[in-house]
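Q: Please take a close look at one proline in this model and the parts around its contacts. Start with what the residue touches, then follow the chain outwards.

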Amino acid sequence: MSRIRDLQKNLFGGTTSNARQFGMIFTLVAIIVYFQIATNGLTLTSGNLIALTQQYAYISILSIGMLMVIVAGHIDLSVGSVAAFVGIVVAKAIQEYDVPWPAGIVLGLAVGALIGAWQGFWVAYIGVPAFIVTLAGMLLFRGGNQYIGNADTVPVPEGFRTIGAGYLPEVGPATGYNNLTLLLGLLLCAAVIWREWRSRQVRLQMEGAEPAPLWISVLRLVIMLGVIVFATLRFAGGRVGTSFPVSGIILAVLVIAYSFYTRNTAGGRHIYAVGGNARAAELSGVQLRRVNFLVMTNMGVLAALAGMIFVARSAASGPQDGLSWELDAIAAVFIGGAAVSGGLGTVSGSIVGGLVMAVLNNGLQLIGTGSDKVQIIKGLFLLGAVALDVYNKQQGRFSIVASLTRPFRREDPPAPAAPPAPSPTGSLSRK
């Protein structure tokens with residue numbers, strides 16, 4: 001029984017409870033297994049995994065920025081329109097004004113930053129609710145996309161397509177696999193082993209802290225390394241010329257950078273403080289307006305990047321780009337454990353939530369489900385997953401959201417005990 005308790009407490013937890021992402025990871029695994037059986041093994045083929053990464057990388061990038069917006073207590077409905085607007089601006093600049101495609105990427109990021117700063121100004125310094133500001137932005141930049149592009153598609157050059165449709169190149173000896181993808185997998189395995197070892201060393205050096213049992217650390221490493229090796233061989237074993245997508249590398253870099261920022265920097269902690277209790281954060285010295293402004297500006301930059309990656313993969317910018325992207329990003333964040341009221345959520349949780357939605361959408365398409373039914377099933381899944389988790393939390397049972405957000409909760413101190421009532425004898429004696 002103690003081993004089961006140790007397993008439940010430490011398997012994925014490190015210094016906190018394993019259940020932070022335990023339930024959602026099992027949900028993801030269950031969906032993958034179901035569609036792997038239903039599609040006769042198509043879900044985990046090299047070609048499908050590579051395509052899945054390319055198709056949904058831009059949504060995952062949006063979910064990173066949306067997480068920070070939601071954690072700060074806001075919502076952004078304009079990200080799809082902003083992505084489409086930046087896409088047409090960059091495509092036009094490259095196609096009609098002969099702007100080199102690397103400069104076009106810089107231009108797109110700058111335009112996204114300006115749009116985010118514009119919306120952040122209204123939210124942070126004028127005090128207009130983000131819902132209203134971004135609703136207006138959704139209409140404004142959707143119209144801007146159609147106005148600039150004349151409702152036509154605008155192609156982009158081959159070099160620009162690399163960020164959305166490119167892969168790690170083929171180099172080195174012929175091994176039957178993409179060597180750079182193999183190297184990437186080896187580096188990731190080494191990083192996981194070093195992180196586990198470092199975590200144990202830190203716990204050993206902390207007074208009063210005990211590391212997880214050694215067998216738990218070994219089991220955790222076996223599971224994680226097994227997943228990494230399996231994924232590495234799948235991505236490296238695709239047809240010649242395809243391997244791990246460049247868009248996947250961009251996403252991985254962003255996940256690492258934003259995870260570090262939100263967990264280990266004062267700026268990241270300020271975002272959680274503002275979302276948890278804006279008034280208390282301001283009284284503690286947090287610059288409330290600055291945090292809100294930067295969160296909205298950051299969302300604009302990531303929306304611009306997502307839009308350019310989508311245009312690069314599609315080889316052209318069109319008037320239908322970005323439709324309903326904000327809904328997919330918001331769904332990924334909430335499935336990943338963010339709180340509607342703000343103050344809670346993690347980057348890794350949002351990525352897991354995005355993977356759940358991506359695999360669900362991809363699997364339904366592989367088994368031939370119509371687009372109308374796909375939307376119905378995704379909506380019901382989102383509603384059911386969150387409702388079940390809220391119910392379990394209210395009943396005191398295992399809660400995915402509660403587990404994901406446990407490291408950020410502060411327990412209320414116990415109420416002081418009421419002083420004992422004076423005895424009648426004591427009252428008479430004092431008289």
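**Proline 155 and its surroundings**

A: Leaving aside neighbours within four places in sequence, proline 155 is in contact with Ala91, Gln95, Ala315 and Ala316, where contact means heavy atoms within 4.5 Å. The model is predicted, so local features need pLDDT of at least 70 and side-chain atom pairs count only at pLDDT 80 or more, while totals for chains, interfaces and linings use all residues. Residues are numbered from 1 along each chain as its sequence is written, and side-chain values use heavy atoms, with hydrogens and water left out.

Proline 155 sits in strand S1, residues 154-155. Strands (E, at least two residues) and helices (H or I, at least four) are DSSP runs numbered from the N terminus. The protein has 18 helices and 2 strands. With a relative accessible area of 40%, proline 155 is partly exposed; buried means under 20%, exposed over 50%, and partly exposed in between, with a 1.4 Å probe and protein chains only. By that rule, 47% of the 431 residues of the protein count as buried.

One of the contacts of proline 155 is alanine 316. These two residues are 161 apart along the chain, yet their C-alpha atoms are separated by 3.9 Å. Long-range pairing is also seen in the overall count: of the contacts in the protein with a separation of 6 or more, 78% are between residues 24 or more positions apart.

Further along the chain, phenylalanine 160 is in contact with Val90, Ile94, Trp101, Ile105, Met308, Val311 and Ala312, neighbours within four places in sequence left aside. Phe160 is also among the residues with the most contacts inside the largest nonpolar core, together with Ile61, Leu62, Ile64, Met66 and Val86. That core has 64 residues, a nonpolar core being a set of buried Ala, Val, Leu, Ile, Met, Phe, Trp, Tyr and Cys residues joined through side-chain atoms within 4.5 Å. Elements that give two or more residues to this core are helices H3 (46-71), H4 (79-96), H5 (101-126), H10 (246-264), H11 (266-276), H13 (288-314), H14 (325-335) and H15 (347-366). H13 supplies the largest share, 15 residues. Apart from this core lies another, of 16 residues, including Phe35, Ala331, Val352 and Met357. In soluble globular proteins, nonpolar side chains tend to be buried together.

Next come the charged pairs. The structure holds 5 salt bridges, each a side-chain nitrogen of Lys or Arg within 4 Å of a carboxyl oxygen of Asp or Glu. Glutamate 158 and arginine 161 form one of them, their closest N and O atoms being 3.3 Å apart. Glutamate 158 is exposed at 58% relative accessibility, and arginine 161 is partly exposed at 27%. In helix H4, lysine 92 and glutamate 96 meet at 2.8 Å, N to O. They are 4 residues apart in that helix, so about one helical turn separates them. Lysine 92 counts as buried at 14%, whereas glutamate 96 is partly exposed at 45%. An α-helix has 3.6 residues a turn, so residues three or four places apart point the same way.

H14, already met in the largest core, can be followed to a pocket. Of its 11 residues, 9 are buried, so H14 is largely enclosed by the rest of the structure. Trp325, Glu326 and Phe334 are among those buried residues. Just after H14, glycine 337 has a positive phi of about 110 degrees.

H14 also gives the most to the lining of the second largest pocket, with 7 residues. On a 1 Å grid over the protein atoms alone, a pocket is an open set of points where a 1.4 Å probe fits, with protein on both sides within 12 Å along at least five of seven lines; lining residues have an atom within 4 Å of a point. The volume is about 610 Å³, taken as the space filled by probe spheres set on the points, which are joined across faces, edges and corners. There are 26 lining residues, and Ser324, Asp328, Asn361, Gln375 and Lys378 lie nearest the centre. H3, H14, H15 and helix H16 (371-394) each supply at least two of the lining residues. The lining divides into 14 nonpolar, 10 polar and 2 charged residues; Ala, Val, Leu, Ile, Met, Phe, Trp, Tyr, Cys and Pro count as nonpolar, Asp, Glu, Lys and Arg as charged, and the others, Gly among them, as polar.
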